[in-house]
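This briefing looks at a ligand site and at one helix beside it. Please keep the sequence and the 3D view open while reading.

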Amino acid sequence: MKAEVEVRAARSGEEHLAEPAAALIAESAAEHDIAPRSVEWLAAKIRAGKAAVALLGDELVGFGYWSEWEDGAFVSHSGLVVRPDLRGDKLGRRLKTVLMESSRAAYPRAILMSLTTSEAVKAMNLALGFKVVGFDRVTTDEAFWDGCKTCRNYEETRRRGLRCCCEPMILEPEPAG
Ligand SMILES: CC(C)(COP(=O)(O)OP(=O)(O)OC[C@H]1O[C@@H](n2cnc3c(N)ncnc32)[C@H](O)[C@@H]1OP(=O)(O)O)[C@@H](O)C(=O)NCCC(=O)NCCS
């Protein structure tokens, strides 16, 4: 029988999951356009309730986190990763749904941002109502763009005068009723 993977928001007190999360992201970053993050940085996300985890028993098999920018005008979803042997089985979609729910609860009026080159992320974003936009529709907060510095394409992208190698996608909040 196939073991059930639990996907949910990370809880304060689960900061130990930051280490396997950083490892999963770092391993993927060699082949995919995903920016590595330190264990301390990811532990802070877990502590703040801004992370989603996929757990097979006690083992972390998927992760993602969110961040707010410009006083909550924008929320980015980042670091989405699933262990390679478990990809294509909807764990990414389930993690993304958790990120959407927890970030929407904290910032209901925020524009959700997802910058990606991943076909899987683009597919799930489109299915969730995100649309592809230009860089002028996402945050100008330099702290967000500083986060690109650990991406494997950073030097080449900046050398070509581009802001980022990814395609920006956004989901706007429902109009206030
Ligand atoms: C991105 C990632 C987390 C997706 O996780 P996953 O569990 O494989 O994704 P899912 O099975 O939930 O599939 C999500 C969607 O992508 C589609 N999809 C999956 N793999 C795909 C592929 N290789 N090409 C195109 N579409 C794909 C699925 O059909 C699904 O579409 P739907 O939501 O409309 O049904 C995973 O591929 C990964 O860890 N990639 C490496 C790290 C990375 O690039 N992260 C993204 C950084 S922005």
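How many residues surround the ligand, and which are the closest? There are 21 in this shell, and the closest are His32, Arg87, Gly92, Arg93 and Glu119; a residue counts if its C-beta atom, placed from the backbone, lies within 6 Å of the molecule. This is a predicted model, in which local features need pLDDT of at least 70, side-chain atom pairs count only at pLDDT 80 or more, and totals for chains, interfaces and linings use all residues. Residues are numbered from 1 along each chain as its sequence is written.

**The shell around the ligand**
- Two or more residues each come from β4 (74–82), α3 (91–106) and α4 (119–127); helices (H or I, at least four residues) and strands (E, at least two) are DSSP runs, numbered from the N terminus.
- α4 gives the largest share, 6 residues.

**The two sides of α4**
- Val121, Met124 and Asn125 are buried, meaning that 20 or more other C-beta atoms lie within 10 Å of their own, where 12 or fewer would be exposed and anything in between partly exposed.
- These residues lie on the same side of α4 because they cover an arc of only 100° around the axis, taken from the directions from the helix axis to the C-beta atoms.
- On the other side of α4, Glu119, Ala123, Leu126 and Ala127 are exposed.

**Leu126 and the end of the helix**
- Leu126 counts as exposed because it has 12 other C-beta atoms within 10 Å.
- Leu126 and Ile170 are 44 residues apart in sequence and 9.6 Å apart in space, C-alpha to C-alpha.
- Gly129, just after α4, has a positive phi of about 100°.
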